[in-house]
Amino acid sequence: MELDLAGAELKSVLNRLRRAQGQISGVIRMIEEGRDCEEVVTQLAAASRALDRAGFAIIATGLQQCLTDMENGRKNGEDPEQMRARLEKLFLSLA
């Protein structure tokens, strides 16, 4: 299954990933500076949520593309059950 992110979808995913990247850099600085544990964990949780949201957005796009492919009869040699199992595995990897 090849992911085809277009325009606004791509921009949204990239923005989420950049936000997470900035938050992770912030966590590293906070640890190096010996900042309060609660502040570090709060920032780390925010980075984790940003990564999760980016992952879910990618999976949602993949689901949409698979459904479109199935409707158009283009399964790329993969039956619907195989496609469903692969997408379920991806989704659960973020859970």
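This passage describes the fold, the first helix, the surface and the charged pairs of a predicted protein model.

The model is a prediction, and the mean pLDDT of the protein is 81, with 82% of its residues reaching 70 or more. The secondary structure comes to 3 helices and 0 strands, and from the N terminus on the elements run α-α-α. Confidence varies among these elements, since the highest mean pLDDT, 89, belongs to α1, and the lowest, 77, belongs to helix α3, which covers residues 80-94. Of the 95 residues of the protein, 23% count as buried, and the protein exposes about 6700 Å², of which carbon and sulfur atoms supply 55%. When contacts between residues at least 6 apart in sequence are considered, 69% of them join residues at least 24 apart.

Helix α1 takes in residues 7-32. The 26 residues of α1 should span 38 Å at 1.5 Å a residue, and the end C-alpha atoms of the helix are 38 Å apart, so the expected span and the modelled one agree. After α1 comes Gly-34, whose phi is positive, near 75 degrees.

Within α1, the buried residues are Val-13, Ala-20, Gln-23, Gly-26, Val-27 and Met-30. Gln-23, with a relative accessibility of 14%, counts as buried because this value lies under the 20% cut-off. When residues up to four places away in sequence are not counted, Gln-23 touches Gln-43, Ala-46, Ala-47 and Ala-50.

Other residues of α1 contribute to the surface. A nonpolar patch is formed there by Leu-10, Leu-14, Leu-17, Ile-24, Ile-28 and Leu-51, which together have about 430 Å² of accessible area. Helix α1 provides the largest share of this patch, 5 residues. Two members of the patch may be considered in turn. Leu-10 has its place in helix α1, and its relative accessibility of 36% makes it partly exposed, because the value falls between the limits of 20% for buried and 50% for exposed residues. The C-alpha atom of Leu-10 is 8.9 Å in space from that of Ile-58, although the two residues are 48 residues apart in sequence. Leu-17, also placed in helix α1, is likewise partly exposed, with a relative accessible area of 34%.

In helix α3, the residue Met-83 has a relative accessibility of 6% and therefore counts as buried, the value being under 20%. Along the chain, Met-83 and Leu-67 are 16 residues apart, and their C-alpha atoms are separated by 9.8 Å.

Charged side chains were examined next. Side chains of opposite charge can pair when their charged atoms come close. A search of the whole structure finds 2 salt bridges. In one of them, the side chains of Arg-35 and Glu-33 meet with an N to O distance of 3.5 Å, and in another the side chains of Glu-39 and Arg-35 meet at 2.8 Å, again from N to O. Arg-35 takes part in both pairs, and Glu-33, Arg-35 and Glu-39 are thus linked in a network of salt bridges.

The members of this network can also be described by their accessibility. Glu-33 counts as exposed because its relative accessibility, 54%, is over the 50% limit. Arg-35, at 41%, counts as partly exposed, and Glu-39, at 36%, counts as partly exposed as well.

Note on methods. Residues are numbered from 1 along each chain as its sequence is written. This is a predicted model: local features need pLDDT of at least 70, side-chain atom pairs count only at pLDDT 80 or more; totals for chains, interfaces and linings use all residues. Side-chain values use heavy atoms; hydrogens and water are left out. Patches are made of residues with over 30% relative accessible area and no salt bridge: like charges are joined within 9 Å, nonpolar side chains (Val, Leu, Ile, Met, Phe, Trp, Tyr) within 5 Å. Accessible areas come from the Shrake-Rupley method with a 1.4 Å probe; for residues, only the protein chains shown count as cover. A salt bridge is a side-chain nitrogen of Lys or Arg within 4 Å of a carboxyl oxygen of Asp or Glu. Helices (H or I, at least four residues) and strands (E, at least two) are DSSP runs, numbered from the N terminus. Buried means under 20% relative accessible area, exposed over 50%, partly exposed in between (1.4 Å probe, protein chains only). Contact means heavy atoms within 4.5 Å. pLDDT is the predictor's confidence in each residue, from 0 to 100. The expected span of a helix is 1.5 Å times one less than its number of residues.
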